[in-house]
Amino acid sequence: DATGLFDGVTLAVAALRRLSSARARNLLRFFLARRGVVMPNVERLEEALRQALTARQDARVAVALDNSVLRRYAGRLHVVPASQPLPGEYVRRWRGELEIELPEFGGVLVLRRTRDDGISLARLRAQTVTIRSRQGGERLQPDPGRPRRSLKNLLQEAHVAPWQRDRLPLIYCGNALVWVPEVGVDSAFQARPDEAALRPEWKGAA
């Protein structure tokens, strides 16, 4: 039943819908076991299957399983680590490090020195650089030929899963939003040809 529908990380919800109840439960057990989840009791498994199959298309499915959470996004089931909520407003000053552990966000921010491609170092030095949590209402202009747009829409277009959107570290220079993982660098801070730059990379949890 899993052939072609389990990619090693996620499982297609459509696969479960086509099966009898017994086979759907068996496939869900197989998926959870492959993702290293301690097998839930029968009631929890039934609840996970019910939410996966019957929740509205735009509903945020989240079923707690041991130290993980079963989530649904874009027609597929994901197992993600259970995470602690971020502080209401996270701000950390950048002091030139090229690798920054950010346990609050569940990952590591790596800044690679480069030229042409990334954030202009000269423009970063103009004001204090900070790493912040998303608060809502942020706007960014990654494409200089298009207007500034809401971060919410940009993250949706980039197919960033809903549970990941609030756990992305945002780079600011002063009060200007400079860079967002999976979206890019604001046009006002993009490096010019042959200009010293930093290219950020976010290595976060799935």
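The lining of the largest cavity has 9 nonpolar residues, with no polar and no charged ones. The model is a predicted one. Those lining residues are Trp94, Leu109, Leu111, Ile119, Leu124, Val129, Ile131, Ile171 and Leu198. Two strands stand out here. Strand S7 (107-115) and strand S9 each supply at least two residues of this lining. The space inside the largest cavity is about 60 Å³. How many cavities of 30 Å³ or more are there? The count comes to 1.

Empty space also lies in pockets. The second largest pocket holds about 150 Å³. Arg93, Trp94, Gly96, Arg113 and Leu121 help to line this pocket, and so do Leu124, Arg125, Gln127, Thr128 and Val129. The mix by class is 4 nonpolar, 3 polar and 3 charged residues. Some names come up again. Trp94, Leu124 and Val129 are among the residues lining the second largest pocket, and Trp94, Leu124 and Val129 are also among those lining the largest cavity.

Now follow strand S9 into its sheet. The sheet is open and has 5 strands. Reading across, the order is S5-S9-S12-S13-S14, and the pairing is antiparallel. Which strands form the edges? They are strand S5 (91-93) and strand S14 (184-185), each of which pairs on one side only. Strand S5 is joined to strand S9 (residues 129-132) by 3 bridges, and the two run antiparallel. Within this pair, arginine 93 stands opposite threonine 130 in S9. Arg93 is also one of the residues lining the second largest pocket.

Turn next to a pair of helices. Two packed helices are described by the angle between their axes and the distance between the axes. Helix H2 spans residues 21-34, and helix H3 spans residues 42-54. They pack at an angle of about 100°, with their axes 10 Å apart. Angles of 65 to 115 degrees count as roughly perpendicular. H2 and H3 are therefore roughly perpendicular to each other. Which residues make the contact? From H2 come Ala24, Arg25, Leu28, Arg29 and Leu32. From H3 come Leu45, Glu46, Ala48 and Leu49. By class, this contact has 6 nonpolar residues, no polar ones and 3 charged ones.

Go back once more to the two linings. The largest cavity has no charged residues in its lining. The second largest pocket has 3 charged residues in its lining. Arg93, Arg113 and Arg125 are among the residues that line the pocket.

How values were computed
Residues are numbered from 1 along each chain as its sequence is written. This is a predicted model: local features need pLDDT of at least 70, side-chain atom pairs count only at pLDDT 80 or more; totals for chains, interfaces and linings use all residues. Side-chain values use heavy atoms; hydrogens and water are left out. Two strands pair if DSSP finds at least two bridges between them. Helices (H or I, at least four residues) and strands (E, at least two) are DSSP runs, numbered from the N terminus. Axes are lines fitted to C-alpha atoms, for helices over the stretch in contact, and angles run from 0 to 180 degrees between N-to-C directions. Angles under 35 degrees count as roughly parallel, over 145 as roughly antiparallel, 65 to 115 as roughly perpendicular and the rest as oblique. Contact means heavy atoms within 4.5 Å. Ala, Val, Leu, Ile, Met, Phe, Trp, Tyr, Cys and Pro count as nonpolar, Asp, Glu, Lys and Arg as charged, and the others, Gly among them, as polar. On a 1 Å grid over the protein atoms alone, a cavity is a set of points where a 1.4 Å probe fits but cannot get out, and a pocket is an open set with protein on both sides within 12 Å along at least five of seven lines; lining residues have an atom within 4 Å of a point. Grid points are joined across faces, edges and corners, and a volume is the space filled by probe spheres set on the points.
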